[in-house]
Amino acid sequence: MVSSLWDKPVKVKTVKVSWLVRFKRACHKKIRLSNLGRNEEHHMKTPILSALVVVTSLIAASGARAQDAAAGKTSFNKCLACHSIGEGAKNKVGPVLNGIDGRKSGTVEGYSYSDANKNSGITWNKEQFLDYIKDPKGKIPGTKMAFAGIKNENEANNLWAYISKFDKDGKQK
């Protein structure tokens, strides 16, 4: 029994929350049943909780980066009708996309580009690609590429993460 401010007996119930944190020392939370939410004592140290939040965030962030290329591979299905990538890739309606990072536009051997594409002066990198893929005909008026574009920025980033993994021979970097 514990006295309250008005000297009336009040029961205090201790609740273990050690299942929340896997440490040998159990954490307890005392709650006054008469004033739930007002007079709570927290014995869990803030630094421990902060460290758990940081570690969890780092794990989630590293998992998200690994998934970019996997999600990009799924997005590449929209491109498969016209483009190929990887070892043994061949030009289709559109050119092979192997080694696109750092390649000048209109230079894949064996593909017949439009004059607009050949003369665009673009050297492909992430920034150029993301700008282009939103609206191909808007970026290079007169291109043969008949694709509405990918407006979703996250999807476009994932697609770049996937296609930029391939070198000019179609091997993954």
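This tour moves through a predicted model, from the whole chain to its helices, its core and several individual residues.

**The whole chain**

Begin with the entire protein chain in view. The chain holds 5 helices and 5 strands. Followed along the sequence, these elements come in the order β-β-β-β-β-α-α-α-α-α. The chain has 173 residues, of which 30% count as buried. Consider also the contacts between residues at least 6 apart in sequence: 35% of these join residues at least 24 apart.

**Helices H3 and H5**

Next, select helix H3, residues 126–134, together with helix H5, residues 153–163. The axes of H3 and H5 lie 10 Å apart, and the two helices pack at an angle of about 130°. Are H3 and H5 parallel, perpendicular or oblique to each other? An angle of about 130° falls outside the ranges for roughly parallel, roughly perpendicular and roughly antiparallel, the last of which begins over 145 degrees; the pair is therefore oblique. H3 passes H5 in a right-handed crossing.

Show the side chains where the two helices meet. On the H3 side, select Lys126, Phe129, Leu130 and Ile133; on the H5 side, select Ala156, Asn157, Leu159, Trp160 and Ile163. Sorted by class, this contact has 7 nonpolar residues, 1 polar residue and 1 charged residue.

**The largest nonpolar core**

Keep H3 and H5 displayed and turn to the largest nonpolar core, which has 20 residues. Which members of this core touch the most other members? They are Phe76, Ile85, Phe129, Ile133, Leu159 and Ile163. H3 and H5 each supply at least two residues of the core, and H5 gives the largest share, with 5 residues. In soluble globular proteins, nonpolar side chains tend to be buried together.

Now select Ile163 alone. Beyond its neighbours up to four places away in sequence, Ile163 touches Phe76, Ile85, Leu97, Ile100 and Phe129.

**Ala161, also in H5**

Remain on H5 and select Ala161, which belongs to this helix. Is Ala161 buried, exposed or partly exposed? Its relative accessible area is 23%, and buried means under 20%, so Ala161 counts as partly exposed. Apart from residues up to four places away in sequence, Ala161 touches Asp68 and Ala69. A distance may also be drawn from Ala161 to Ala70: the two are 91 residues apart in sequence, while their C-alpha atoms are 8.6 Å apart in space.

**The loop between H1 and H2**

Select the loop between helix H1, residues 46–75, and H2. Three residues of this loop are visited here.

- Asn98 lies in this loop and is buried, at 8% relative accessibility. Its contacts, leaving aside neighbours within four places in sequence, are Ile85, Gly86, Ala89, Arg103, Phe166, Asp167, Lys168, Asp169 and Gly170. The C-alpha atoms of Asn98 and His83, which are 15 residues apart along the chain, are separated by 9.8 Å.
- Gly106 is placed in the loop as well. Leaving aside neighbours within four places in sequence, Gly106 is in contact with Tyr113, Asn117 and Lys118. From Gly106 to Asn119 the separation is 13 residues in sequence and 7.7 Å in space, C-alpha to C-alpha.
- Ser114 is found in the loop too. With 11% relative accessibility, Ser114 counts as buried. Residues up to four places away not being counted, Ser114 touches Gly142, Thr143 and Lys144.

**Asn117 in H2**

Proceed to helix H2, residues 115–118, and select Asn117 within it. Asn117 is buried, at 9% relative accessibility. Which residues does Asn117 touch, not counting those up to four places away in sequence? They are Ser105, Gly106, Ile140 and Thr143.

**Trp124, between H2 and H3**

The last stop is Trp124, in the loop between H2 and H3. Its relative accessibility is 6%, and Trp124 counts as buried. Display its surroundings: not counting residues up to four places away in sequence, Trp124 touches Ile100, Asp101, Gly102, Arg103, Lys104, Ser105, Phe129 and Tyr132. To finish, draw the distance between the C-alpha atoms of Trp124 and Lys104. These two residues are 20 apart along the chain, and the separation is 6.1 Å.

Technical notes:
Residues numbered from 1 in each chain as written. Predicted model: local features only at pLDDT ≥ 70, side-chain atom pairs only at ≥ 80, totals over all residues. Heavy atoms only, no water. Helix = DSSP H or I, 4+ residues; strand = E, 2+ residues; numbered from the N terminus. Buried < 20%, exposed > 50% of the residue type's maximum accessible area, 1.4 Å probe, protein only. Contact = heavy atoms within 4.5 Å. Core = buried A, V, L, I, M, F, W, Y, C linked by side-chain atoms within 4.5 Å. Axes fitted to C-alpha atoms, helices over the stretch in contact; angles between N-to-C directions. Parallel < 35°, antiparallel > 145°, perpendicular 65-115°, else oblique. Left-handed = near helix turned anticlockwise from the far one by under 90°. Nonpolar A, V, L, I, M, F, W, Y, C, P; charged D, E, K, R; others polar.
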